[in-house]
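Please open the structure in your viewer and keep the selection panel at hand. The tour goes from stop to stop, saying at each one what to select and what is there.

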Amino acid sequence: MDYLAHYEKSPNLHSQGLHAHDYFEFYVHINGGRQYCVDDTVFELKPAQMIVIPPLHMHGLVCGDRDLVDYERCYLYITPETLKKCGFNKIDLCSFFENSCSNKKFTCQLSDDEALSIIQILKNIEQRKDQKNDEETILEDFSQILNVLKIARKICSENVKTIILNNAGNEMYKILHYINLHFTEDISINILCNLFNMSQSSLSHEFKKYSNKSVYEYILYKRIIKAKELLITDSSLTQIALDCGFNDYSNFLRVFKKFSGCSPKEYKNKILLR
């Protein structure tokens, strides 16, 4: 997959929770979502809002145990390799959007015209998905993708930071934030219960509602994301396993395969080929 566009309106949908992937996502919220999380930033969703999420950043809807009603959105997935090509060796779009995310300038309100334009572009690309081997289709897709990137780059260049929700009283946010800081350490649910004065059953239940993952699953997910970042360095696989909080390489290998569908060595080779 070099790129993938999708539009969907769901009358009733349960949130898939927080996740990460190996490609850039240009997401447009149209209606129905309430709150969204990117790394440690939680904010209210508004209609015609674009969010740009670089690879390996945790993100997703936050809506507790409530289902989403009339949730409407569209998005463009694009690999780093394809995004680099869109810069024509003149603009480093990958670094630009990575830096924007790091500076919490990854979301902005679209004008009505911009939102309608992007929605129609992504619908058009999706409708042509079965014709991707056709040269005319490829040229048309890339010309329209460039229009989406032009708008995204413009809004991320504006001197506006994301309006962050006040999560001071939200225990689940505090727990999520603590795990994000300490996931490479020896964290157990008992340690979290003592730190945040909660029972194990209550913490497990509430965390699952908040992130749609168990505490253990979330910690492993964060460790594998960190491992993918370290795989582009010169560190040995054994050292990466230890740096990410695994006690031994065999355990790291098993978990990495489960979450990524390939071994760390296979993933590293794929990255080196880019």
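How many bridges pair strand 2 (residues 24-31) with strand 7 (residues 68-78), and in which sense do the two strands run? Select both: they pair in the antiparallel sense over seven bridges. Before going further, note that this is a predicted model, in which local features need pLDDT of at least 70 and side-chain atom pairs count only at pLDDT 80 or more, while totals for chains, interfaces and linings use all residues. Residues are numbered from 1 along each chain as its sequence is written, and side-chain values use heavy atoms, with hydrogens and water left out. Helices (H or I, at least four residues) and strands (E, at least two) are DSSP runs, numbered from the N terminus, and two strands pair if DSSP finds at least two bridges between them.

**The five-stranded sheet**

Stay with strands 2 and 7 and pick out F26, whose bridge partner in strand 7 is L76; then pick V28, which has C74 of strand 7 as its bridge partner. Now add strand 1 (3-13), which runs antiparallel to strand 7 and is joined to it by 10 bridges. Along this pairing, L13 stands opposite L68 in strand 7.

Widen the selection to the whole open sheet, in which five strands follow the order 1-7-2-5-8 with antiparallel pairing. Strand 1 and strand 8 (107-109) stand at the edges, each with a single partner strand, so one side of each is left without a neighbour in the sheet. Neighbouring strands of this sheet are turned against each other by 15 degrees on average, direction ignored.

**Two helices on the sheet**

Next show helix 3 (residues 112-127), which packs on the sheet and touches strand 1, strand 2, strand 5 (49-53) and strand 7. Its direction makes about 105 degrees with that of strand 1; axes here are lines fitted to C-alpha atoms, for helices over the stretch in contact, and angles run from 0 to 180 degrees between N-to-C directions. Helix 4 also packs on this sheet, touching strand 1, strand 2, strand 5, strand 7 and strand 8, and its direction makes about 100 degrees with that of strand 5.

Now show helix 3 together with helix 4 (residues 135-157): the two pack at an angle of about 150 degrees, with their axes 10 Å apart. Helix 3 and helix 4 are therefore roughly antiparallel to each other, a term used for angles over 145 degrees. The contact (heavy atoms within 4.5 Å) is made by E114, I118, I121, L122, N124 and I125 of helix 3 and by D141, Q144, I145, N147, V148, I151 and K154 of helix 4. By class, this contact has seven nonpolar, three polar and three charged residues.

**A residue in strand 7**

Select Y75, which is found in strand 7. Is Y75 buried or exposed? Its relative accessible area is 16%, so Y75 is buried, where buried means under 20% relative accessible area, exposed over 50% and partly exposed in between (1.4 Å probe, protein chains only). Leaving aside its neighbours within four places in sequence, Y75 is in contact with L4, A5, H6, E25, F26, Y27 and L122. The C-alpha atoms of Y75 and L122 are separated by 7.1 Å, although the two residues are 47 residues apart along the chain. Strand 7 as a whole is mostly covered, with nine of its 11 residues buried.

**A residue in helix 2**

Move to S100 in helix 2 (residues 93-102). S100 is buried, with a relative accessible area of 7%, and, leaving aside its neighbours within four places in sequence, S100 is in contact with K105, F106 and C156.

**The three-stranded sheet**

Select strand 3 (residues 35-38) and strand 6, which pair in the antiparallel sense over four bridges; among the residues to pick here is V38, whose bridge partner in strand 6 is H59. These strands belong to an open sheet of three strands in the order 4-3-6, with antiparallel pairing. Strand 4 (41-44) and strand 6 (59-62) are its edge strands, each pairing on one side only, and the twist averages 25 degrees from one strand to the next.

**The last stop**

Finally, show helix 5 (residues 171-182) and helix 8 (residues 215-230), whose axes come within 10 Å and cross at roughly 40 degrees. The contact is made by L176, I179 and N180 of helix 5 and by V215, Y218, I219 and K222 of helix 8.

Terms used
Parallel < 35°, antiparallel > 145°, perpendicular 65-115°, else oblique. Nonpolar A, V, L, I, M, F, W, Y, C, P; charged D, E, K, R; others polar.
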